[in-house]
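Student: I have a structure in front of me and would like to know how its labels are justified. Can we go through some of them?

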Amino acid sequence: VKPKNEALWQKPQVSYRDITFRSADGTRLSGWFIPAKSPKGTVVLCHGVDGTRISMLAPAMTLHAEGFNTLLFDFRGRGESEQTRCTIGYRETEDFLAAVNEVLKQPEAGSLPVGAMGHSQGGAVVIMGAARNPAIKAVLAESAFARLDHAVDNHFRSLFGSASHALAVPVRLIG
């Protein structure tokens, strides 16, 4: 889902490559690989549940200026990735691991260390993914949720107010 204000759908102001790759279940994911001139490492950036890669562009540019390659991508059901159902981190962890595998294929990444940065859902995803892939050497998780049931309750409360509990319980059980 692209931002409602198309003016917000911006692109990096540095050299980058559009990339596509597939998650473990075959979902097509889209992103940008932004190579650095003399890279120190590569960082995969993961957006929050209602975001797209655009929301991670500012930290990617900061990392790029400090000499890091970056990979920004849209999770399933967001931005330019295949429009499937969001699973609030469950399948998105597989999306992140596919992004890490894609980074390892990039010629500029070579044998450089790989790190990850995520916000909210993306923060939870990079923690879960790093626990499963020893290639990930560093993690920065911002506002990650520790428990999915709390994240669902908070999200539903912000959307539905006092009716949130009746709606959130079945979602939590399914999750």
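Student: Why is C46 called buried?

Tutor: This is a predicted model, and the values are computed from it. Buried means under 20% relative accessible area. C46 has 0% relative accessibility, so C46 counts as buried.

Student: Why does C86 count as partly exposed?

Tutor: Partly exposed lies between 20% and 50%. C86 is at 23% relative accessibility, and therefore counts as partly exposed.

Student: How many disulfides does the structure hold?

Tutor: Zero. C46 is in no disulfide, and the cysteine sulfur nearest to that of C46 belongs to C86, 13 Å away.

Student: Why is there no bond from the sulfur of C86 to the closest cysteine sulfur?

Tutor: A disulfide needs two cysteine sulfur atoms within 2.5 Å. The closest cysteine sulfur to that of C86 is in C46, at 13 Å, so the pair is too far apart for a bond.

Student: What makes strand β4 mostly covered?

Tutor: Strand β4 spans residues 68-73, and five of its six residues are buried.

Student: How do you know that β2 and β4 pair?

Tutor: Pairing takes at least two bridges. Strand β2, residues 28-34, has four bridges with β4, in the antiparallel sense. In one bridge, W32 has L72 of β4 as its partner.

Student: Which way do β3 and β4 run, parallel or antiparallel?

Tutor: Parallel, with five bridges joining β3, residues 41-46, to β4. V43 has T70 in β4 as its bridge partner. Between β3 and β4 the chain passes through helix α1, residues 57-65, in a right-handed β-α-β crossover.

Key
Residues are numbered from 1 along each chain as its sequence is written. This is a predicted model: local features need pLDDT of at least 70, side-chain atom pairs count only at pLDDT 80 or more; totals for chains, interfaces and linings use all residues. Side-chain values use heavy atoms; hydrogens and water are left out. Buried means under 20% relative accessible area, exposed over 50%, partly exposed in between (1.4 Å probe, protein chains only). Helices (H or I, at least four residues) and strands (E, at least two) are DSSP runs, numbered from the N terminus. A crossover is right-handed if, with the strands pointing away from the viewer, the path from the first strand over the helix to the second runs clockwise.
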